[in-house]
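Work through these exercises with the model open beside you. Try each task before you read its solution.

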Amino acid sequence: MATPKALIVRAPGTNCDVETSHAFELAGAETEVMHINRLLENPALGKQYQMLCIPGGFSYGDDIGAGRIFANQFRLFLDELIHDFKASQKLILGICNGFQVLMKSGALFDSPDQQATLTWNESGMYYDRWVNLAIANDHCVFLSGISEMYLPIAHAEGRFVAASEETLAHLTDQHQLPLCYSAGDGTVTGEKLEFPHNPNGSMANIAGMCDPSGRIFGLMPHPERYLDRTQHPHWTRKPEIEVGDGLAIFRNAVQAFA
Amino acid sequence: MLWEIDIHPAEGQPDLVANSIRGDAPDLGLQQAFGVRAARGYLIEGSFTRDQVEKIAEQLFADPVVEKTVIGPAGDSIFDTGSNGSQVVHVLPKPGVTDAVAESAEKAMLDLGLTPVGVRTFQKYWIDNLDPPEVNFLCEKLLANDSIEEVRKGQLDLSELGHGAAYDFELKTVEFTNATEEQLLEINSNGQLSLNLEELLTIQEHYRELEREPTDIELETIAQTWSEHCSHKTLAGRIEYRDENGTVHFDNMLKETIFQSTVDLMEEFGEANWCVSVFKDNAGIVEFDDRFNIAFKVETHNRPSAIEPYGGANTGIGGVIRDTLGTGLGAKPICNTDVFCFADPRTDSREVPPGILHPRRVMKGVVAGVRDYGNRMGIPTVNGAIYFDDRYIGNPLVFCGNVGILPKDKSFKEPQPGDRIVSIGGKTGRDGIHGATFSSDTLNTDSEKVSGGAVQIGNAITEKMVADVLIQARDRNLYNAVTDCGAGGFSSAVGEMGEEIGAEVWLDQAPLKYDGLTYTEIWISEAQERMVFAVPEKNVEEMIRLCESENVQADVIGEFVPGGKLTLKYQGQVVGELSMKFLHDGRPPTVRQAVYQPPAEQPVSASSTDFGADLEKILSSLNVASKEWVIRQYDHEVQAGSVIKPLVGAENDGPGDAAVVRPCLDSRRGVVISNGMNPHFGDFDTYHMAASGIDEAIRNCVAVGADPNRIAILDNFCWGNTDRPEMLGSLTRAAIACRDMARQYKTPFISGKDSLKNEFMDRETNRRIAIPPTLLISAMGQVDSIDQCVTMDLKKAGNALFLIGATRNEMGGSHWSIINDEKGGCVPRVDAERAKRLYDSVHQTIVHGWIRSCHDLSEGGLAACLAEMAFAGMLGVDVDLSDMAIDDQPQPDNLVRLFSESNSRFVCEVAPENIELFQQGFSEEAITRIGTVTDSESFRISDQTTVLIDTNIRQLKNCWQSVLAW
């Protein structure tokens, strides 16, 4: 098959588009970064891509609530494109602000209600720090073959909250909560971990969520920030590191079209 | 109709705003326990139905999972106004103050098919168990800032949002040519022009020759252009300097010292010269690789940050980012560096003079301002420092720096006659009127009231949008020149760009935030996020289309017209006409006196009884203590170029010497950023302070692997009132040191900035507080390959520890002296030629991979350096100082060995197999083997059989981390 194409959609305030595009290219994809206005003018432009990615940043300043305005644009004007992606087994990835956008656009849920959200960190503060992650199940295409990762987070509104305990159970049952913060031992626990293992107070230590198909995935950590060995905070201590953990997520995406 | 939407945390969700208020109140002097709840809210003006407002609330403003809303007409009885005895307080931005959230809300409502007349945001608080005077105290100290916000208690009795009144044009001239000296001074102070009498008389003479009176806008333009902030008239002026070596006359002090040293170095580099553009553009530019150059600028934003810390710091970082965006034909920002100076944040609130903010509030506000702007711009903040001294109480310092990268062929600009003047980005409002002249005045207890208008609030996303289109327009070659609107607004930007040609400006064409601005206000407004371009007429349409395609405001506001005149028009009528020559060269030269007498050296009288206790005290002193609380709030990894992070080591929490970033993801070449500053040394001798600052900045760069022959530096002078000869003397002396050091290190200064008159007059006590002489040296180095970089954390037990460089008995201004209240001692000096040789050797051993870790010695000397290396690596050390010599002193002195702050020194960790190779890289006297890394938590320093310090690395780390762990 021809090289799969990834569309990286940026809005005013998106700021991780360049490195996210770089990550897809390293993984073997062709990429294009496009302003949301082009897509709003002509949503059909999106149909030629196999992958759509909403990168990190502060879309529209995150002024009203992280990702909310960008999410409304997807929900109100691009639902057909999202539907088309779902129907044709294509992939959608949201990183950090992109995850917030996916969450608030409704694209991750199997009902019209917003079943969960990402809100202010328990500390009320923005943090940039590295976290250990463990994988709860192999349902999500992007996480295939990965057991654990060490990646940076950088956000103020990353605390995962499900609308209720029942919703949380429902999402868990459908394998929609595959990525969790961990204590570095590679295991997933139902108990809420202490800060800084669980850096924002997320319910059930959730760091990433997918739709029921496992083909639309959002995560708070930044895989595009750990592709090269010199991005690891301990690279000068660990000469054995060869490649960054984050690359596997992009490779899995490209691999899905091989 | 005016609708109100209140948004509360839903049941079971934390009230984070209230928690933060409860946490801060005691530090600001409110000891009493009280209850507080918080909500955020929106006021929406427009003819909407309740259903529509509910839709807005549900689909836009509130998060249905974690928040609940209350909706009604503003001030309706549905809103809780204190039913159970609570006092209700609303805090709203004052009319005209930038409200970024409201701007976004207005645009987002259009997506829902609803068009508001206006939107305004507010915060709402319900306060329990406090009497009204205490509530007022809380509002004043914590909840609101009077310079930008208003407080409304009880019901919100508003029926509409103010939108400004229409402006009726009227040309204003000023009776000037026949004015007496007193009248001139009155015109000056009434108009906040900040000109001196000689300048006023020169202007008067000019208009007498023209045989007409000046218009108000002409006087404003001259005042802005001649302001200290824009023209650096003091330091670039004539100075007669006298010290123990005699008298020196300077015609242009900066040009003959710092700038001259760069000119000399560029000549010396010859064919290999790597400086591209120095001291002329918005930032200095040097070569990076075959494709790119890099630009670096550090600015201060001190006065605005003193009055409104969040907005001041916010627009400080916004401004310096525009500096690099407006360098050459536009550089892409790749990282930020931020250095702050504050008084002790633990100061008793009763000791804070009236009229100024508590240092803790200043610090929190400044950090938040830098965080919110830098993070939103997507520029990693990779380096910084915070310095504490009580003399910063009235004048906190905020240095914001930015590095940008630009293609080699986009490094120069030149506007052409006939080019259109195009303004893009933010609209113009009354923001920051008189910022340029205000920052040239001394602050006093009335400053908050008089100068409130000078405070601006930024909107980072507007600037990010500008940056996005600027780079595209640059790469499509759409314009001939670009610069930012900084201090002085359009008047400075257009005035500078058109200096060689002439310009005509159509002020009514500038887009306004609201009605009512006079033509003069439009011209001098310092509204943020605006850039000005010189666009050839044939490209104007494409430029504007490009901006529109990303929702960026763009307008043609004039033309560069040959003739050497600056013509200002409003609705077709000339409102001002000035000759560029008079504007830029007409300022009368002043000769200023500068004297310096270094204080006599005093012996050290204090002594130590417990070196271990001294070390703990140093590690927990504010300047040395961990700044992790600040660093983690900055995104230091966006753009994915992070190589050496600000916090390093086994637990990601050790203090890195310098940051390394890789700006091009397809290359291994790196940029290194560090800084050096030590105001305490200035109390001894500003020459040695400056020399030490330069050495510190360079050695920090070298410690991580930068090539010592490719480091460029910047100066930022922040001083007290240089109208006093001894103040100007101490500054001139520092500038002379800069010249000398730059030459000897072969390290060129490429840009600089100054902020003078940093003094605070406490009108109640008549106490004048001048900041200590503060020179920030910012360094930008380069590494050929990032894979060669080293960090400061110890790596492996069994490795050897070496001290590199000479130690002298230099306890003056050291941190050991500070914690012991010791005023004596000899201040550290710099032997630059010796240091240069050493740095070349260190670099070679790093390139060869013989050094596993390297840390420079600075505050706290050898003991603090070893402690930081050990607890960053979570490994122990066993050190014996008996081989460590002290220069010019035959007697061993363990106090000096442990705590002297002699410059140009490092500790290096070397693996056993590389010891011999490493040693061959240095002359014998330059290095001393002092110990070994151990696989333990033990931190042990001895002198043969005498144990000097025996403690545990966790204990030391805890001392270092707990002080500022807010």
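**Exercise 1. The two chains**

How many residues of chain A are in contact with how many residues of chain B?

Solution. This is a predicted model: local features need pLDDT of at least 70, side-chain atom pairs count only at pLDDT 80 or more, and totals for chains, interfaces and linings use all residues. Residues are numbered from 1 along each chain as its sequence is written, while chains are lettered from A and ligands numbered from 1 in the order in which they are written.

Step 1. Fix the term: two residues are in contact if their C-beta atoms, placed from the backbone, lie within 7 Å.
Step 2. Read off the totals: 45 residues of chain A touch 50 residues of chain B.
Step 3. Find the elements. Helices (H or I, at least four residues) and strands (E, at least two) are DSSP runs, numbered from the N terminus. On the chain A side, H1 (17–26), H3 (68–77), E5 (116–119), E6 (127–135) and E7 (148–155) give two or more residues each. The largest share, five residues, comes from H3(A).
Step 4. Sort by class. Ala, Val, Leu, Ile, Met, Phe, Trp, Tyr, Cys and Pro count as nonpolar, Asp, Glu, Lys and Arg as charged, and the others, Gly among them, as polar. The chain A side has 19 nonpolar, 17 polar and nine charged residues.

**Exercise 2. A six-stranded sheet**

Place strand E14 of chain B (residues 397–407) in its sheet.

Solution.
Step 1. Write the order: this open sheet runs E9-E10-E11-E14-E12-E13 in chain B, with mixed pairing. Two strands pair if DSSP finds at least two bridges between them.
Step 2. Take one neighbour. E11(B), residues 292–300, runs antiparallel to E14(B), joined by nine bridges. Within this pair, B:Lys297 is bridged to B:Asn402.
Step 3. Take the other neighbour. E12(B), residues 332–342, also pairs with E14(B) in the antiparallel sense, over nine bridges. Here B:Asn336 has B:Asn402 as its bridge partner.
Step 4. Check the cover. Ten of the eleven residues of E14(B) are buried (20 or more other C-beta atoms within 10 Å of a residue's own; exposed is 12 or fewer, partly exposed in between; C-beta atoms are placed from the backbone).
Step 5. Find the edges: E9 (275–277) and E13 (381–388) of chain B each pair on one side only.

**Exercise 3. Two helix pairs**

Which residues make the contact between H7(B) and H16(B)? Then treat H27(B) and H30(B) in the same way.

Solution.
Step 1. Axes are lines fitted to C-alpha atoms, for helices over the stretch in contact, and angles run from 0 to 180 degrees between N-to-C directions.
Step 2. The axes of H7 (216–225) and H16 (489–497) of chain B come within 10 Å and cross at roughly 75°. Therefore H7(B) is roughly perpendicular to H16(B). Angles under 35 degrees count as roughly parallel, over 145 as roughly antiparallel, 65 to 115 as roughly perpendicular and the rest as oblique.
Step 3. B:Thr221, B:Gln224 and B:Thr225 of H7(B) meet B:Ser491, B:Ser492 and B:Gly495 of H16(B). By class, that contact has no nonpolar, six polar and no charged residues.
Step 4. H27 (861–873) and H30 (953–962) of chain B pack at about 105°, with axes 9 Å apart. These two helices are therefore roughly perpendicular.
Step 5. B:Ala867, B:Ala870 and B:Phe871 of H27(B) meet B:Ile953, B:Leu956 and B:Lys957 of H30(B). By class, this contact has five nonpolar, no polar and one charged residues.
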